[in-house]
Amino acid sequence: MSYLVEQIRNAGSLVIVNEVTTGFGRTGKWFGFQHYNAFDYEINTPDIIALGKGLGNGYPISGVLVRSSLADIVEDQVLDMYNPI
């Protein structure tokens, strides 16, 4: 694991990258963060990726990608909030 990612995760934080302007092949790879050695292995991939611009092909939309483990947590909490037992 890269030193930077390791320090962030050891502090209990999430690795978040902003790919609004650099995503979808604008830098020669799908995402700009893929140019850095810090993200060489799956364990080092960001927890959250913010997307925009190229995502909408001219339409003003944005999106977010999250690790499945984080999506599961959010899904469980939202379902609990809207479907009380």
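**Group meeting: a three-strand sheet and its nonpolar core**

Good morning. I begin with a single pair: Ile48 stands opposite Val66 in strand S3. Please bear in mind that the model under discussion is predicted.

That pair belongs to the contact between S2 and S3, two strands that run antiparallel and are joined by 4 bridges. On the other pairing, S1 and S2, the latter spanning residues 48–51, are arranged in the parallel sense, with 3 bridges between them. Ile48 appears here again, as the bridge partner of Ile16. Likewise, Val17 is placed opposite Ile49 of S2.

How, then, are the strands ordered in the sheet? The order is S1-S2-S3, in an open sheet of 3 strands with mixed pairing. Strand S1, residues 16–18, and strand S3, residues 63–66, are the edge strands, each pairing on one side only. From one strand to the next, the twist averages 15 degrees.

I turn now to the side chains. Which residues make up the largest nonpolar core? Its 8 members are Val5, Val15, Val17, Phe31, Phe33, Phe39, Ile49 and Leu51. As general background, nonpolar side chains tend to be buried together in soluble globular proteins.

Val17 and Ile49, already introduced as standing opposite each other, are both members of that core. They also meet Phe33: leaving aside neighbours within four places in sequence, Phe33 is in contact with Val17, Glu19, Phe39, Pro46 and Ile49. Among these partners, Val17, Phe39 and Ile49 belong to the core together with Phe33.

That concludes my presentation. Thank you for your attention.

How values were computed. Residues are numbered from 1 along each chain as its sequence is written. This is a predicted model: local features need pLDDT of at least 70, side-chain atom pairs count only at pLDDT 80 or more; totals for chains, interfaces and linings use all residues. Side-chain values use heavy atoms; hydrogens and water are left out. Two strands pair if DSSP finds at least two bridges between them. Axes are lines fitted to C-alpha atoms, for helices over the stretch in contact, and angles run from 0 to 180 degrees between N-to-C directions. A nonpolar core is a set of buried Ala, Val, Leu, Ile, Met, Phe, Trp, Tyr and Cys residues joined through side-chain atoms within 4.5 Å. Buried means under 20% relative accessible area, exposed over 50%, partly exposed in between (1.4 Å probe, protein chains only). Contact means heavy atoms within 4.5 Å.
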